[in-house]
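Here are my notes on the model you sent over. Have it open on your screen while you go through the points, and look up each piece as you reach it.

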Amino acid sequence: MELGEEELTSSVKRYYKESLKHSLGQCDFNFVLSDPRLPDNPIVYASEGFCSMSGYEHHEVIGRNCRFLQGPDTDRRTVLEIRDAVREERPCQVHILNYTKHGNPFWNLFYMAPVYSRKDGTVVHFVGVQTPFSAAATAAAAPLASKKLNLMDAEKRKEARSECLQQIQGEAPMRVWFALNEIQGCVCFVEADEQEDNHKCVAKDEDKGRAACAVQTILCNLMENSRIGGGGRGVAETRCKEIAESAVGGVVCSSLMLSLTRIQQSFVLADPKLPDIPIVHASKVFCEITGYSQEEVIGRNCRFLQGPDTDPEAIRKSIAGEHACTVRILNYRKDKTSFWNHLHLSPVRSATGEVAFYVGVQLAMDIVDSAGDENVGMTPYMKQLGAVGAVKVAVRSLQGSGLRRSFKKNSEE
Amino acid sequence: MLTIKRVATLVSINQELEQAAGCGKDCLGSCCMPGAKLPLYTFGRRRSGLLAGDSDGDNGFLDSLLLAQWEDRMDKGLFRYDVTACETMVLPGEHGFIAQLNEGRHSKKRPTEFRVDQVLQPFDGKKFNFTKVGQEEVLFCFEESEDGTSQYYEKAPVSWSPNVIAINVSPIEYGHVLLVPCVLDCTPQRIDPDTFLLALQMAVEADNPYFRLGYNSLGAFATINHLHFQAYYLAAPFPVERAPTTLICHRWKKGGVKILELGNFPVRGLVFEVGDSLEDLANAVANTCIYLQNANIPFNVLIADRGGRVFVFPQCFAERQARGEVEQEILDTQVNPAVWEISGHIVLKRRLDYESATEESAWRLLAEVSLTQERFDEVKKHCLKSVFNAPNKVKVEMPTMDSSLHLMGLSGVALNGQSEHCLVLQV
C-alpha cells in the first residue's frame, strides 16, 4: 500500500508548527514519530540518530512501519507487547532485539509513548525512542542448578568441573552447571559462555534513565510546538478524554482506524446514535470510487450520494430493523456521473452487544469485471461480505472501551 | 472408570437430529460426498520466513475469505444466535482475562455422561461426527496447492477425504469455525504430526495474530470424538499470550524450535516457538502430545501468533471433578475449562457469574485446571524427552560432536547420546 508523500508530511504539519523540525533537530536521540491513523502506522518523522543507528537512509524509513527493525531472533512476546500498546493506546517499554540494515543484531531499549490530541483525546502520533544497549547481565537460564549445588560437596564439585572442562576441548570460556537427579546423582553440564541468550536481556539503569529522559524531552518539544487554533487545541502526553468518551462524539479512535485501513474495499461507517446518522469513517477506496475526499464526507449522512432517481426505502427499513440488507441503488459521484451501487448494509455491534455503527459496503456495478473465470477467486459480493466481517471483528474489540484492560481495583467501583 | 455429566455444545445443525443412516441431506458422509462440489481454498506451503513481526499492510486472502463466508452464513441464519450481541469485557487487572455473557450457547438438552479417564478412544460411527455435518455448514475445503500459490475456487470437486472448514453453530466469537482434517478418514480425536502441521499451516496462511486455533483432547472437554480443531477471531491478546516465559532449552543452532515454560499464569504449560521450520514445530508439539496421549494425560493446545507460538496445557479438571474435588461454587458456573478458557477467554452462562466475575475469580477457576508444580515437572521431563528422542528428526538443538553440550531441563534431564565425552546421563 503506497502512501503519498503528501499524506506523510501533512501528518506532521497538521499538528505541529514549522519550528518543530528545528527543535527536534537539536535532540541527540534516536527516535521516530508514527501516525496510527494512516494505514499500517507508518513512520512520518525520523531523527538523524535513528538513521545512523539503524543504517537506513531517511527515505528508506519514512512511510514504513517500524517493524523492519525486527528480525529472526526478535522475541515474539515482546512484539505482542508493542502491538498491544498500540491497540490499547498507551505507553510501553520493552527490551527488544533489533537489526540494522546490514543484519547486525543489537539490543534496543524501546520506549513508546502516545501523543494525544487536546481536542478529542485521540492518539495523534506515537513517539518511539530507541536506546541501544549492551547487556548488564544475561539472565541465567537454569536457576534450579544453584539450588542443587547446595547438596553437593564443594570439593567434589571442583573435581567434576575440571573433569568436564578437560574432556571438552573447548577454547572459548565455559560455564559449568550442576544438576542433581535423584536417581543418578549429580549431573554436570557445560556450556560456552558466549552463547547469546536472545530470550532475555536487561538494560543497565543508566540506559533506562537516558531513554526515559529522551521520551520526556521529545514529548515536551511536541507539546511546545503544537498548532493551536483552527479547531486544534494542540497535543498532550496524557489523554484528556477516555476512548469511550471520544467515541460518543463520533470520533474513531486510532486503534480502530488502524484495523479499518487494512480493509481494501469501499465502505463507510455511520453512527446511528448521532443525529441524522452521519458517516464517521470512509475508506480510501470509497473516496476513489465516489470522487469525494474524506473531509468532504465525514459528518454527513450518506444520502448525499443519492440523486433524484434513487429509492432509499430499503435502507431505511434495514436500519429500523437492525438487520443486514443488500440493495441496488442509484448513486452519484462528485462529478455528477451516476453508477449502480450494489450496496450491502449491516449493523455492527461493539463489546456491549449494542449496535455501534452501520457499515455500508459499496460495489459499483460498472467496474465489476465480468471477464475472467467466475469460479476462481472471490466474487465481488464475497469481498463485500469479507469487509463486513473484518469491520465486525474490529469494532467488537476496539470500539469504545472495547476489550482493553483497565486497572481500576474493584474496591473503587 | 471416571465420568462427569455435562451438556455437549451443539456445533452443527444436524447434531440434534436422530442418527439416521444414509440421509439425502447433502452431508459429508460417503453417501453424499462422491461427486459433490464444494468451495476450495488451496494454500501454498510456506517453508521459511516466519518472522515475529506482523505482515505488512492489508488483510490476507484466507482471512478475507473466511470472514466473508462466515458473514454469509450469518445472513442465511445458520447460527443459533448472534454472538456479536453477547456482552463481553476485560476483567479489570493486569492479566486481561476476557469474560463473555452468552446465555444462548448453552443447549437445553439433558446432560450426558462423558468418560474423562481415557484420552484415546476408538471412533464410534454411531455417535455424532463431522461426516453428518450439512454441506451448507462447510465454508470451504482447505488443501495444499500444487503450484505453491494460494487460490480460491467457488466450486471444486471434492477430493476423497478433504480437509473441511465448517461453522460452529454455537460460536464463542465471530468467525468460530471447526477445522476437520481428512473428514472421511474418521480419525478419533488425537494429535499426530501431519494433521497438526495442517492446523499450523492454516494459522500461517490466515496471517492474523487475532486468529487462533485450539484443540481439546478427550478428558479435556472435547465432546466429539472425531479429529477437529477450533478457531475464531478476537482482536485482543489472550492472557496466556501475555504471560512471561522462561527458556528451557538454550538455542545452540540458530533456527531450532524454542521450548519455554509459562510463568505467572494459573495453568502450568509449555510454549513452543517456531524457528526456521514449521515442520519441526509441528513435530515437536505432536511428539509432546503423543506422549501425553499415551500416558493418558488430558491436555489442551493453543496455536497463536500466526502459527509461531503453540501452548500445551496438560490438565486435570475433569478428573478432579469426577472425584468430587472441585469447589461447588466453581461447578455451579458450569464452565468447562477447555482451551479457550485456559487461555483466558471465559464464556459464562449466567448473568450473575458475569457481573461478579473478577480477575481473582478467573484465576481461581483456572488454578483448578492445572497440574501441581510437582506433577507438571515430572510430565515436563517426559515431554521434553519425547521431543528429542523421537524418530522423526526435530531440529531443536542437537549440538555437533565437537562443540559443547547444551544444557536442557531444569530438573536435570539430559538428552542425546551423541557425545561420549560428557558426564551427561541418559534418563
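1. Start with helix α7 of chain A, and remember throughout that this is a predicted model. The buried residues of α7(A) are A:D207, A:A211, A:A214, A:V215, A:I218, A:L219, A:N221 and A:L222. Looking down the axis of α7(A), you'll find them within an arc of 160 degrees, so they line one face of the helix. Why can a helix do this? An α-helix has 3.6 residues a turn, so residues three or four places apart point the same way.

2. What do those buried residues of α7(A) pack against? Their partners in chain A are α2 (19-25), β1 (30-34), β4 (105-117), β5 (123-133) and β10 (235-236). On the face turned away from the buried side, look for the exposed residues A:D205, A:E206 and A:E224.

3. You can also check the length of α7(A). This helix has 20 residues (205-224), so at 1.5 Å a residue it should span 28 Å; the end C-alpha atoms are 29 Å apart, which agrees.

4. Now step back to chain A as a whole. The chain contains 13 helices and 15 strands. Of its 413 residues, 54% are buried. Take the contacts in chain A between residues at least 6 apart in sequence: 55% of these join residues at least 24 apart.

5. An unreviewed UniProt entry puts the annotation "domain: PAS" on two pieces of chain A, residues 40-89 and 279-301. In residues 40-89 of chain A, helix makes up 40% and strand 8%, with the end C-alpha atoms 15 Å apart. Residues 279-301 of chain A are 48% helix and 17% strand, and there the end C-alpha atoms are 6 Å apart.

6. On to chain B, which has ten helices and 17 strands. Its 427 residues are 65% buried. Among contacts in chain B with a separation of 6 or more, 74% are between residues 24 or more positions apart. UniProt, again in an unreviewed entry, lists "domain: GDPGP1-like N-terminal" for residues 62-232 of chain B. That span is 16% helix and 25% strand, and its end C-alpha atoms are 13 Å apart.

7. Try tracing the twelve-stranded open sheet in chain B. The order is β7-β2-β6-β8-β9-β11-β10-β15-β16-β14-β13-β12, with mixed pairing. Each of the edge strands, β7 (151-157) and β12 (245-247) of chain B, has a single partner strand, so one side of each is left without a neighbour in the sheet. On average, neighbouring strands of this sheet are turned by 30 degrees against each other, direction ignored.

8. Two helices of chain B lie across strands you've just traced. Helix α1 (residues 61-75) of chain B crosses β2, β6, β7, β8, β9, β10 and β11 of chain B, running at about 155 degrees to β6(B). Helix α4 (residues 278-294) of chain B lies across β10, β14, β15 and β16 of chain B, at about 5 degrees to β16(B). For a parallel pair, see β2 (37-43) and β6 (138-144) of chain B, joined by four bridges. There, B:L40 sits opposite B:C141.

9. Is β15(B) enclosed or open? Six of its six residues are buried, so β15(B) is largely enclosed by the rest of the structure. B:F299, B:V301 and B:I303 point one way, while B:N300, B:L302 and B:A304 point the other. β15(B) runs antiparallel to β10(B), with four bridges, and B:L213 stands opposite B:I303. Six bridges join β15(B) to β16(B), also antiparallel. In the hairpin of these two strands, with four residues in between, B:D305 has a positive phi near 50 degrees.

10. Finish with some shorter strands of chain B. β3, β4 and β17 of chain B form an open sheet in that order, with mixed pairing. The edge strands β3 (88-90) and β17 (345-348) of chain B each have a single partner, so one side of each lacks a neighbour in the sheet. Elsewhere, β1 (3-6) of chain B pairs antiparallel with β5 (112-115) of chain B over four bridges. B:I4 and B:R6 are on the covered face of β1(B), and B:T3 and B:K5 on the uncovered one.

How values were computed: Residues are numbered from 1 along each chain as its sequence is written. Chains are lettered from A and ligands numbered from 1 in the order in which they are written. This is a predicted model: local features need pLDDT of at least 70, side-chain atom pairs count only at pLDDT 80 or more; totals for chains, interfaces and linings use all residues. Side-chain values use heavy atoms; hydrogens and water are left out. UniProt positions are given in the numbering used here, feature names are shortened, and annotations may be inferred rather than shown by experiment. The expected span of a helix is 1.5 Å times one less than its number of residues. Buried means under 20% relative accessible area, exposed over 50%, partly exposed in between (1.4 Å probe, protein chains only). The arc is that of the directions from the helix axis to the C-beta atoms. Contact means heavy atoms within 4.5 Å. Two strands pair if DSSP finds at least two bridges between them. Axes are lines fitted to C-alpha atoms, for helices over the stretch in contact, and angles run from 0 to 180 degrees between N-to-C directions.
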